[in-house]
2 protein chains.
Amino acid sequence: MAEDNVVYVGNKPAMNYVLAVSTQFTRNAKEVVIKARGRAISRAVDVAEIVRNRFIPEASVKDISIGTEEVTTEDGKTVRLSSIEIVLEK
Amino acid sequence: MAEDNVVYVGNKPAMNYVLAVSTQFTRNAKEVVIKARGRAISRAVDVAEIVRNRFIPEASVKDISIGTEEVTTEDGKTVRLSSIEIVLEK
C-alpha cells in the first residue's frame, strides 16, 4: 500500500481529516490508514466513524492497533505517547 | 465474561483506571474490557498501554472495536459520541 493512503490526524477539526480519507477512497484506494497520537486519538476514532456512517458507507474497519511511541520534545525531554492506527477498507 | 471485568474510563487520571484493570488481572481475570466514549477514548488507549507495558507484561490486546453511541444530554438533545472497547487478555 502506498504511503499516500495514510492520513495523520492532528489538532484540526475532524471534518478536515474526514474529507482527506473520503477523497482517498473516491480515488479508488482500497485501504486508508488513519494514524494519531496522544489526545488526537479520540479525533481519529471520530474520523473513522464519520467516514463510515456518513460518507463512504461501504467502508469498514479492517484492523485497529495501539502502541506507544517515544517522542523528543523541543527542550530535549523524551515523553511516551500512546498511538492508534485504524485501517479502513472498501 | 462477568460484567465486573469491564472498566469504564472517564475523566479521572489514567492511573486510577490502570489500577482498576491491573487489580482485575491480579484477581485472576482472564480478560478485562476497557470502555470509553468521546474524549476519554485517548485515555482508554493510555490505560491499555500502561497496563501492558508497566504492570501486567503478560497481558496483550485481544481485540479493539470502535462505534458510535447516541447520548441524550441534560437539556434533551441527542448527540452522537464515538466509543471504543479494548479487550485485554492474559
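How much of the accessible surface of chain A belongs to carbon and sulfur atoms? I get 45% of about 5,100 Å², with areas from the Shrake-Rupley method and a 1.4 Å probe, where for residues only the protein chains shown count as cover.

Ground rules, for my own sake. This is a predicted model, where local features need pLDDT of at least 70, side-chain atom pairs count only at pLDDT 80 or more, and totals for chains, interfaces and linings use all residues. Residues are numbered from 1 along each chain as its sequence is written, chains are lettered from A and ligands numbered from 1 in the order in which they are written, and side-chain values use heavy atoms, with hydrogens and water left out.

Next, the fold. I went along the sequence of chain A and read β-α-β-α-β-β, with two helices and four strands (DSSP runs: H or I, at least four residues; E, at least two; numbered from the N terminus). The radius of gyration, over C-alpha atoms, is 14 Å for chain A, close to the 12 Å that the globule rule (2.2 Å times the number of residues to the power 0.38) gives for 90 residues, so the chain is as compact as a globular protein of that length. I also noted that the C-alpha trace spans about 45 × 25 × 20 Å along its principal axes.

Then I checked symmetry. A 180° rotation with 0.0 Å of shift along its axis puts chain A on chain B at RMSD 0.0 Å (least squares on C-alpha atoms of residues with pLDDT of at least 70 in both). The two copies are thus related as by a two-fold rotation axis. In chain A, A:S42 has the C-alpha nearest the axis, 2.6 Å from it.
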